[in-house]
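Hi,

Here is the model I promised to pass on. Have a look at it first, and then read my notes below.

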Amino acid sequence: MPHNVRAVVRAAVGALAACLVVGGLVACSPTVESVEVEPAPPDVGIQLFQLPWTAIADECETTLGPNGFAWVLTSPPNEHIVRDEWWASYQPVSHAIDSRLGSREEFADMVERCDGAGVAVIADAVVNHMTGQDTPGTGWAGSAYEHYEYPGLYTDADFHHCGLTADDDIQDYTSREQVQTCELVNLADLDTASPSVQATITAYLEDLLALGVAGFRIDAAKHMAADDVAAIVAPLPAGTRIMSEVIRGGGEPITPEEYVGFGEVFEFTYARDLTPPLQNGVFNDPELDGDRPLHVPSDSALVFVDNHDTERGEARVTYRDAAMYIIANALMLADDYGTPVVYSGYAFSDRDAGAPTDSDGRVTPVSCALETDVPADDYDDGARTCVQTWPAVAGMLEFRAFAGDAPRLEGVDAGDAYGFEREGRGVVAVNVGSETQRIEIPTSLPSGKYCDVVSGGRDAVVDDGCRGETYTVSDGTVRIDLAPQTAVAIHIGGRL
Ligand code: LM2
Ligand code: CA
């Protein structure tokens, strides 16, 4: 049985027809004895940043599977330079699956255990470049390397030397040629148009597939021509998930749309649009409605509140402000656009600081299942944020399971509050202000009492009551008094 499907829920609609006053006319929906709504496991992923394989395996069994996550995005599994910073992972020394996050055996075991828990594994594939080191060195697994020499793998002729800028570094993002053939922060840029380079990269991806991964995040995809990425992934089995990281940039010639022919893309515009209303209370910006300009089609879109780069950069809402982070995640998970990727990392004050390690340099495994203080009021540097266990997040995955593909209806504004319905399936509302705010949202949910899954989490219905707050739908409306900086979500499967 799918891990996050609860028993069929009967939502009795009572004996009386529900009536709504619409433009002076009274419209009554037909009397229904009961509605059966079967939750469908939602396609929701989670990025577990810099978490070792043994810990991800535990997480799959104890928190990700039970809370309904369909897949987990890992940090890069490749051999990397030996440095303390987290970004050592993004400087491959070889395609050996041997890193301070774990050995090949541990990686394989993780995939097996996650699959057993109903959680697929997506690996972060760093294939645009190798290291950015000007002096020779030895990688984590013992491979010797130089900036443009990776014995047995790549030699100088396999790299771009763009000759377009003084140091061959990318300077001008309005130049397609620079972005794709010059070096991203001095990282030796593979000639991904070369058939032999393509074949070597494909072999690496096939090796990971042989260990059971379901797909890949393609790191720095924007820095490889879409045709090159297409050629690299073409030999992979049908159904392999390809998730290209193409950071949309205003005025840039390379667009995420170029990469949707062979997979999904991370739609950075989504996060950029999601958070300003949380700070200014203006939700009805017409720019954000309608046909969603500058968004790839929903089927192609991976959406997120933040990721490991944006939490160190442009993101304005992160784990540091748990109340706002819950609001942002609730809106994203309630939405009908894209495939959400929740983010879970560790607290930091230094952007370069790596995750805590043991004395041998391996990243320390941590289990979030034992963590009861979530979200924490304050995280010490290095502490895992454990977002996958936040009751509000788990509750919103349940909401999404019941929302299915029901359309998102027009939003309702009230002061600093905002909300919307997923037609007939659920209602979400948020208040980003500092005062309590009442909001009334018209809804076709059957009349009755519902359990809020933000305060109550998953399985919020307990002993004929609610674990969290209770809200009432009557006469085709739900009235919610929202405390400052809170979210509320009710769904058809959480009716008393
Ligand atoms: C990505 N996506 O396209 C990753 O998500 C992002 O985290 C990576 O940057 C980047 N692209 C390359 O894969 C990180 C980090 C950088 C770091 C690089 C390489 O944000 O700070 O650059 O990984 O490790 C570091 C230094 C930089 C230096 C470079 C090369 O910060 O100053 O450049 O290494 O030694 C001289
Ligand atoms: Ca490149």
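Let me start with the ligand: in which pocket does ligand 1 sit? Ligand 1 is in the largest pocket. Please keep in mind that this is a predicted model, so everything below is computed from predicted coordinates.

There are 17 residues around ligand 1, and the ones that come nearest are W87, D219, E245, D309 and R351. I also looked at polar contacts to the ligand. The side chain of D219 has a polar atom 2.8 Å from a nitrogen atom of ligand 1. On the oxygen side, the side chain of Q91 places an N or O atom 2.9 Å from an oxygen atom of ligand 1, and for H129 the corresponding distance from a side-chain N or O atom to an oxygen atom of the ligand is 3.2 Å. As for burial, ligand 1 taken alone would expose 680 Å², and 77% of that is buried by the protein.

Now the sheets. One of them is a closed barrel of 8 strands, and going round you meet β5-β6-β9-β12-β13-β14-β15-β16, paired in parallel. On average, and ignoring direction, neighbouring strands in this barrel are turned by 25° against each other. To pick out one pairing, β13 (residues 241–244) and β14 (residues 264–266) run parallel and are joined by 2 bridges. If you want to find that spot on screen, go to M243, whose bridge partner in β14 is E264.

Another sheet is open and antiparallel, with 4 strands in the order β20-β25-β24-β21. Why do β20 and β21 each have one side without a neighbour in the sheet? Both β20 (437–442) and β21 (448–451) stand at the edges with a single partner strand each, so one side of each is left free of a neighbour there. Here the average turn between neighbouring strands is 30°, again with direction ignored. For β20, the antiparallel partner is β25 (residues 477–482), and 6 bridges join the two. Within that pairing, E440 stands opposite R479 of β25.

Two backbone details are worth a click as well. The first concerns V374 and P375, which are joined by a cis peptide bond with omega at about -15°. P375 belongs to the loop between β16 (339–344) and α9 (391–403). The other is A220, which is not a glycine yet has a positive phi, near 55°. A220 lies in the loop that runs between β12 (215–218) and α5 (226–233).

That is what I have so far. Let me know what you make of it.

Cheers

How values were computed
Residues numbered from 1 in each chain as written. Chains lettered and ligands numbered in written order. Predicted model: local features only at pLDDT ≥ 70, side-chain atom pairs only at ≥ 80, totals over all residues. Heavy atoms only, no water. Pairing = 2+ DSSP bridges. Axes fitted to C-alpha atoms, helices over the stretch in contact; angles between N-to-C directions. Near = heavy atom within 4 Å. Polar contact = N/O pair within 3.5 Å; in protein donor to acceptor, adjacent residues only side chain to side chain. Areas by Shrake-Rupley, 256 points an atom, 1.4 Å probe, with all protein chains shown as cover. 1 Å grid on protein atoms, 1.4 Å probe; cavity = no way out; pocket = protein on both sides within 12 Å on 5 of 7 lines; lining within 4 Å. Sits in = over half its atoms within 2 Å of the grid points.
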